[in-house]
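Q: Please take a close look at one part of this structure, the open sheet, together with the elements that pack around it. I would like the cut-offs behind each term stated as you go.

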Amino acid sequence: MWFLSHRGRMMPIMEDLPSSPPTLETLSPSRASDFKVCPQLFKFKAIDRLEAPPTVYQARGTTAHLALQRLFDLPAEERTPERLYDLFREAWMELKPTEFPDLFDSIDDERAWGAESLALLANYFSVEDPTAIEPLDRELDMLETVGDMKIRGILDRIDDTDGGLVIIDYKTGKAPPERYALSAFFALKIYALLIRIRTGRTPDALRLVYLNGPTVYEIPVTDAQLDAMERQLGALWGAIERAMRDGTFPPRPGPLCDWCSFKDLCPAFAASADAPTAPSSGSATPVPAQAGSSASA
Ligand code: SF4
């Protein structure tokens, strides 16, 4: 069900919910990251299960991921830019009718988006040579128990190289400046922990491939880092459980709010809907959780 927000956008709303406390069946690296950034954002996505209206950026990311995944189905010598562009076009024709049916106002807008997307994909060949890579796995569905938690997520690619196991994540958005890049590895460190639990083998490196730029960031992995991540996840899980029990998911306004799909619904901005600037983090108002939902986050 959808409603018209005070900013004139269609936003989804929840059906009436029963009054039992919310529970989480699984936690994904993305939702764990959301909670770290902003508990209210986590609530919107994992507890209320609101879906953000699709964007051209999301459509590009989903389609590019599918094309890159399928590139490695081809024999090595056929992994050329032209074949990747074809795979992108095919993936878009598959995804468009069901996931992005009304994304573009005109065929010209869609064509311009397609041309930008292919230019982005062309960058891929300047950072990797897919003819020289045989991934160990792609789009790997990970579900592992970590302490009291079940962590679930889809890993883009894992390679077994001469230098060891490398976990790769494709990004179609812009790379952060290098001094902020470390925090972008949060989700990949969780995947590395899941790989260690599943296989008993510690990955050797994590690689973020930003097609926009392009930029590649890579860091080594150690058991000590993964032990620390396991402790961090345990603490995060405890904080999430407390938030669900108390029904308190404070919004944490910051620079990311301008890109937040749920800003129109956010209590931190509702009181100042007509004001041009965001309130400071100190003025954010905690909001009770919707009760009674069970979700995979
Ligand atoms: S608008 Fe900002 S404070 Fe509100 S949910 Fe989104 S990220 Fe959090």
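A: The part in question is an open sheet of 5 strands with mixed pairing, in the order β4-β5-β6-β7-β8, where strands are DSSP runs of E with at least two residues, helices are DSSP runs of H or I with at least four residues, and both are numbered from the N terminus; two strands pair if DSSP finds at least two bridges between them. The edge strands are β4 and β8 (215-220), each of which pairs on one side only. On average, neighbouring strands of this sheet are turned by 35 degrees against each other, direction ignored, with axes taken as lines fitted to C-alpha atoms, for helices over the stretch in contact, and with angles that run from 0 to 180 degrees between N-to-C directions. In general, strands of a sheet pair through backbone hydrogen bonds, either parallel or antiparallel.

Before the details, two points on the source. The model is predicted, and local features need pLDDT of at least 70, side-chain atom pairs count only at pLDDT 80 or more, and totals for chains, interfaces and linings use all residues. Residues are numbered from 1 along each chain as its sequence is written.

Beginning at the β4 edge, β4 and β5 run antiparallel and are joined by 9 bridges; one residue of β4, D137, stands opposite I158 in β5. The hairpin of β4 and β5 has 2 residues between the strands, and G147 in this hairpin takes a positive phi near 60 degrees. On its other side, β5 is joined to β6 (residues 164-174) by 5 bridges, again with an antiparallel run, and β5 and β6 likewise form a hairpin with 2 residues between them. I158 has I167 as its bridge partner in β6, while D160 stands opposite L165 of β6.

Within β4 (residues 137-146), L140 deserves attention. L140 counts as partly exposed because 18 other C-beta atoms lie within 10 Å; a residue is buried if 20 or more other C-beta atoms, placed from the backbone, lie within 10 Å of its own, exposed if 12 or fewer, and partly exposed in between. Leaving out residues up to four places away in sequence, L140 touches I154, L155 and I158, where contact requires C-beta atoms, placed from the backbone, within 7 Å. L140 and I158 are 18 residues apart in sequence, and their C-alpha atoms are 8.4 Å apart in space. E139 also lies in β4, and its phi is near 45 degrees, a positive value in a residue other than glycine. E139 is partly exposed as well, because it has 14 C-beta neighbours inside 10 Å.

Toward the β8 edge, P214 is found in the loop between β7 and β8, and the peptide bond from G213 to P214 is cis, with omega near -10 degrees.

Several helices bear on these strands. Helix α3 (residues 56-71) lies across β4, β5, β6 and β7 (205-212), running at about 145 degrees to β6. The buried residues of α6 pack against α1, β4, β5, β6, β7 and α7, and the buried residues in α6 include L188, Y191, L194 and R196. With 14 residues, α6 reaches 20 Å from its first C-alpha to its last, close to the 20 Å expected at 1.5 Å a residue, the expected span being 1.5 Å times one less than the number of residues. After α6 comes G200, whose phi is positive, near 80 degrees.

Helix α7 (residues 223-246) can be read in a similar way: its 24 residues should span 34 Å at 1.5 Å a residue, and its end C-alpha atoms are 35 Å apart, which agrees. In α7, L226, L233, I240, A243 and M244 are buried, and the buried residues of this helix pack against β4 and β5 (149-161), as well as β3 (23-26), α1 (29-37), α2 (39-47) and α6 (186-199). Just after α7, G247 takes a positive phi of about 65 degrees.

As a setting for this part, the chain has 8 helices and 9 strands, and buried residues make up 28% of its 297 residues. Of the contacts in the chain with a separation of 6 or more, 71% are accounted for by residues 24 or more positions apart.

Technical notes. Two residues are in contact if their C-beta atoms, placed from the backbone, lie within 7 Å.
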